[in-house]
Amino acid sequence: MDNSKRLTLEALMAKAEQRKQEKYEIRQVEVPSLGGALQLEKIPLTRIASMMDDLGDTSMAANLAFNVDLIYACCPMLRNTKLQAAYEVAAPTDIVCAVLGDNMMELNRIVAALLDMYGLADATGIKDAVKN
């Protein structure tokens with residue numbers, strides 16, 4: 001016997017507002033090396049999927065580039081040109097590693113929080129998550 005609840009049209013319509021709010025999800029992620037939390041914004045799933053598609057190989061360099069691009073896309077503070085000037089970065093996305101002091105643990109912590117927004121928190125790897 002199936003114990004699942006039968007969904008109604010009304011229940012699905014009620015979920016519509018919740019789904020709209022989820023599109024604009026904002027989270028704070030603690031970054032110990034900075035002594036505080038960074039604000040992260042959820043970007044469209046299609047953009048995340050495109051970024052994952054662009055991850056052609058699983059080399060460390062490719063994964064690092066993905067992580068940096070994802071953090072940059074989701075952290076408005078890091079897109080501030082005054083901050084980028086203060087760190088004297090050559091390219092705007094270079095601010096991610098500059099602020100985090102090239103700390104891979106911090107990068108991974110932030111990326112894990114971001115992927116959790118899309119239900120990918122338990123993924124063993126980005127490519128595995130995409131395949132599933």
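Helices α2 and α3 lie roughly antiparallel to each other, because the angle between them is over the 145 degrees at which that description begins. This packing belongs to a predicted model, in which the protein averages a pLDDT of 85 and 89% of the residues score at least 70. Confidence falls below a pLDDT of 50 over residues 127-132, a stretch that nevertheless has 7 contacts in the model beyond near neighbours in sequence.

**Overall make-up**

- The secondary structure of the protein comes to 7 helices and 2 strands, and from the N terminus on these elements follow the order α-β-β-α-α-α-α-α-α.
- The protein has 132 residues, of which 29% count as buried.
- Among the contacts in the protein with a separation of 6 or more, 55% are accounted for by residues that stand 24 or more positions apart.

**Helices α2 and α3**

- Two packed helices are described by the angle between their axes and by the distance between those axes.
- For helix α2, which covers residues 45-53, and helix α3, the angle is about 165° and the axes are 10 Å apart.
- The crossing that these two helices, α2 and α3, make is right-handed.
- On the α2 side the residues involved are R47, I48, M51 and M52, and they meet F66, D69, L70 and A73 in α3.
- Sorted by class, this contact of α2 with α3 comprises 6 nonpolar and 2 charged residues, with no polar ones.

**Helices α3 and α6**

- Helix α3, made up of residues 60-74, also packs with helix α6, made up of residues 104-116, and here the angle is about 60° while the axes are 10 Å apart.
- The helices α3 and α6 are therefore oblique to each other, and α3 passes α6 in a left-handed crossing.
- From α3 the contact draws on M60, L64, N67, L70, I71 and C74, and from α6 it draws on M104, L107, N108, I110, V111, L114 and L115.
- By class, the contact of α3 with α6 holds 11 nonpolar residues and 2 polar residues, while charged residues are absent from it.
- L70 of α3 takes part in the contact with α2 and also in the contact with α6.

**Residues with positive phi in loops**

- Most residues other than glycine have a negative phi, which is the background for the next two cases.
- E88 is not a glycine, and yet its phi is positive, at about 50°.
- The loop that holds E88 runs between α4, residues 81-86, and α5, residues 94-100, and E88 counts as exposed there because its relative accessibility is 71%.
- D102, likewise not a glycine, has a positive phi of about 55°.
- The loop between α5 and α6 is where D102 is found, and with a relative accessible area of 60% this residue D102 is exposed.

**Q28 in strand β1**

- Q28 sits in strand β1, which spans residues 26-31, and it counts as exposed because its relative accessibility of 51% is over the 50% cut-off.
- Leaving aside neighbours within four places in sequence, Q28 is in contact with A37, L38 and Q39.
- Q28 and E41 are 13 residues apart in sequence, and their C-alpha atoms are 8.9 Å apart in space.

Notes
Residues numbered from 1 in each chain as written. Predicted model: local features only at pLDDT ≥ 70, side-chain atom pairs only at ≥ 80, totals over all residues. Heavy atoms only, no water. pLDDT = per-residue confidence, 0-100. Contact = heavy atoms within 4.5 Å. Axes fitted to C-alpha atoms, helices over the stretch in contact; angles between N-to-C directions. Helix = DSSP H or I, 4+ residues; strand = E, 2+ residues; numbered from the N terminus. Parallel < 35°, antiparallel > 145°, perpendicular 65-115°, else oblique. Left-handed = near helix turned anticlockwise from the far one by under 90°. Nonpolar A, V, L, I, M, F, W, Y, C, P; charged D, E, K, R; others polar. Buried < 20%, exposed > 50% of the residue type's maximum accessible area, 1.4 Å probe, protein only.
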